[in-house]
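This report takes up one protein chain, its helices and strands, its nonpolar cores and one of its pockets. The sequence and structure come first, and the account follows them.

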Amino acid sequence: MLDEADKIKTSSLVEKERNNLYPIFLKTKSLNVLIVGGGHVAEEKLTFLLKSSPDAHVTMVSPMFREGTIKLAKTGCVTLVEDSYKKNYIIGKHMVVATTDIPEVNVQVWKDCRAESKLVNVADNPPYCDFYMGGIVTKGNVKVAISTNGKSPTTAKRLRQFFEDVIPENVDDLVKNLNEFRKTIKGDFEQKVETLNEFTKGLIEKKSNYI
């Protein structure tokens, strides 16, 4: 049994736990992505990557590919290479995702990427990840990324479904209108930011249909 002091200490540690990941939005059209593997997980990673970034440049390496993967590859800029993983496949790649069902291969991919300063994600293995592929909601120019710090992809999925329902389709109209309004604002950068902040704060206070 924990005494009161231990309970307070434990509670404090739990409260301090937070997600320290830094979210960024990558222009994958300008990057080269490698997916190692051709099974269900690889297909899932490719599906969500192309859903979010249809213009992504992707290479997949695996001794075999699912029919769904082959069909999906034809919809984007995807190159399928039927081969076992070799280190030379990471040359020229900016991001690598390892999805094979052979742990030794995934770890080798991680080691090779770390040695060459490549960003790498080993599916379902957080200690071997430099980044996570979280839940994503896209509404025109608006994009929301969701992360659970690699602890619960299912939660990220449910939150994605929630925000897809909550965020209206016409939120993109608001973004475009604000972009045009910004061009008409006079003054320096700081003044423009202040003006836009005041304007959008009013929208929230009025509970606009866009929010």
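Which element gives the most residues to the lining of the second largest pocket? Helix 2 gives the most to that lining, with three residues. The model is a predicted one, in which local features need pLDDT of at least 70 and side-chain atom pairs count only at pLDDT 80 or more, while totals for chains, interfaces and linings use all residues. Residues are numbered from 1 along each chain as its sequence is written, and side-chain values use heavy atoms, with hydrogens and water left out.

**The chain as a whole**

The protein chain has seven helices and seven strands, where helices (H or I, at least four residues) and strands (E, at least two) are DSSP runs numbered from the N terminus. Along the sequence these elements follow the pattern α-β-α-β-α-β-β-α-β-β-β-α-α-α. Of the 211 residues, 31% count as buried, a term that means under 20% relative accessible area, with exposed over 50% and partly exposed in between (1.4 Å probe, protein chains only). Among contacts (heavy atoms within 4.5 Å) with a separation of 6 or more, 55% join residues 24 or more positions apart.

**The pocket**

The second largest pocket has a volume of about 260 Å³ and is lined by 19 residues, of which Gly 37, Ser 62, Pro 63, Thr 100 and Asp 101 lie nearest its centre. The elements that give two or more residues to this lining are helix 2 and strand 2. On a 1 Å grid over the protein atoms alone, a pocket is an open set of points where a 1.4 Å probe fits, with protein on both sides within 12 Å along at least five of seven lines, and lining residues have an atom within 4 Å of a point. Points are joined across faces, edges and corners, and the volume is the space filled by probe spheres set on them.

**The nonpolar cores**

A nonpolar core is a set of buried Ala, Val, Leu, Ile, Met, Phe, Trp, Tyr and Cys residues joined through side-chain atoms within 4.5 Å. In the largest, which has 17 residues, Ile 35, Leu 46, Val 58, Met 60 and Val 78 touch the most other members. Strand 1, helix 2 (40–52), strand 2 (57–62), helix 3 (67–73) and strand 4 each give two or more residues to this core, and helix 2 gives the most, with four. Apart from it lies another core, of twelve residues, among them Ile 90, Val 96, Cys 113 and Val 120.

**Helix 4**

The end C-alpha atoms of helix 4 (residues 103–115) are 18 Å apart, in agreement with the 18 Å expected for its 13 residues at 1.5 Å a residue, the expected span being 1.5 Å times one less than the number of residues. Asn 106, Val 109, Asp 112 and Cys 113 are buried in this helix. Seen down the axis, the buried residues fall within an arc of 125°, so they line one face of the helix; the arc is that of the directions from the helix axis to the C-beta atoms. These buried residues pack against strand 1 (32–36), strand 4 (95–98) and strand 5 (119–122).

**Two residues set side by side**

Contacts in the table leave aside neighbours within four places in sequence.

| Residue | Relative accessible area | Contacts |
|---|---|---|
| Thr 69 | 0% (buried) | Gly 38, Glu 43, Leu 46, Met 60, Leu 80 |
| Val 105 | 25% (partly exposed) | Tyr 85, Thr 100 |

Thr 69 is found in helix 3, whereas Val 105 is found in helix 4.
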